[in-house]
Amino acid sequence: MNKIEQAFKNKKAFIPFVTCGYPDIDSTYNIVMAAYENGADIIELGIPFSDPTAEGPTIQGANYQALKNNITTDDVFDLVVRLREKIDIPLVFMTYANVVFSYGIERFSKKCEEVGIDGVILPDIPYEEKDEFDNVMSKYNVALISLIAPTSENRIAMIAKEAKGFIYLVSSLGVTGVRSEITTDISKMVELIKENSSIPVAVGFGISTPEQAKKMACSSDGVIVGSAIIKLITEHGKNAAKYVGQYVKTMKDAIS
């Protein structure tokens, strides 16, 4: 059992997402530490990208601001080095193929292993094209985390069989963002995944309230929240760590 799968053992995992460098890199450090101290089981670190196609306006805005702050991939790696002095839970990157490709897949993967990144989520890589990245990342013990969407249908079994770390189950069609209601039959999708893999399944996209988190956790192994956290950061700026910590605790309590 790898470190990511271990994070789901005997409990439901709460996975917060933050955009690195928003509002600035030191604030990101404080926010991640607050999430860790308040019960986060895995933390998703977004490497800013100019065209984050899976993201809604909230996270797009955070990416734009981070890039305006001249945050580079190397700045994010340096941040992970600092975080690893205090944090032992799994850390995964969420970014896009071009970020990894332009850095160099081999160089990026090797650096992930060196600093202590356990997995990478690349939402713009389809199953059919993942090997170019997966074959290299596997060499460096970095899990390329697969996404399954409501439209995956007959591809679910195929994706699940080869998945690593955990499966990111996309709850709704469209981009990330807070939703008042999630209508996808999550339990049916999880059932199909579990028929083909023993890997944990975490649900993301659209979850923002403790009630939604609890409902999603009943059908899955964990819950991912991004936009609601970025909204808190937008609201409180450099003082956001305290508020993010309180939010993480509320959400973790709801799914426990």
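Helices (H or I, at least four residues) and strands (E, at least two) are DSSP runs, numbered from the N terminus. This is a predicted model, in which local features need pLDDT of at least 70 and side-chain atom pairs count only at pLDDT 80 or more, while totals for chains, interfaces and linings use all residues. Residues are numbered from 1 along each chain as its sequence is written, and side-chain values use heavy atoms, with hydrogens and water left out.

**Figure 1. Welcome to the whole protein, with its twelve helices and nine strands.** The radius of gyration is 17 Å, close to the 18 Å of the globule rule for 256 residues, so the protein is as compact as a globular protein of that length. (That radius is taken over C-alpha atoms, and the rule is 2.2 Å times the number of residues to the power 0.38.) Along the principal axes, the C-alpha trace spans about 45 × 40 × 30 Å. Of the 256 residues, 57% are buried; buried means under 20% relative accessible area, exposed over 50%, and partly exposed in between, with a 1.4 Å probe and protein chains only.

**Figure 2. Here we visit Glu55, in the loop between β2 (43–46) and α3 (57–68).** With a relative accessibility of 3%, Glu55 counts as buried. Its side chain makes a polar contact with the side chain of Tyr96, at 3.4 Å. A polar contact is a pair of N or O atoms within 3.5 Å; within protein, one must be able to donate a hydrogen and the other to accept it, and residues adjacent in sequence count only if both atoms are side-chain atoms.

**Figure 3. Ile47 also sits in the loop between β2 and α3.** This residue is buried, at 3% relative accessible area. Leaving out residues up to four places away in sequence, Ile47 touches several others, among them Asn63, Thr73, Phe93 and Phe108; contact here means heavy atoms within 4.5 Å. For a sense of distance, find Met216 too: Ile47 and Met216 are 169 residues apart in sequence and 26 Å apart in space, C-alpha to C-alpha.

**Figure 4. Asp221 occupies the loop between α10 (210–219) and β9 (222–225).** A polar atom of the Asp221 side chain lies 2.7 Å from the backbone nitrogen of Val201. Neighbours within four places in sequence aside, Asp221 is in contact with residues including Phe8, Lys11, Lys194 and Pro200.

**Figure 5. Next comes helix α11, residues 227–236, with its buried residues.** These are Ser227, Ala228, Ile229, Ile230, Leu232 and Ile233. Their cover includes β1 (13–19), α2 (25–37), α3, β9 and α12 (240–255). Just after α11 you will meet Gly237, with a positive phi of about 55 degrees.

**Figure 6. Our last views look at backbone geometry, beginning with the cis peptide bond that joins Tyr22 and Pro23.** Most residues other than glycine have a negative phi, and most peptide bonds are trans. Omega of the bond between Tyr22 and Pro23 is about 0 degrees, and Pro23 lies in the loop between β1 and α2. Asn70, although not a glycine, has a positive phi of about 65 degrees. You can find Asn70 in the loop between α3 and α4 (73–84), where it counts as exposed at 60% relative accessibility. Asn141 has a positive phi near 60 degrees and lies in the loop between α7 (131–139) and β5 (143–145). Asn141 counts as exposed, at 60% relative accessibility.
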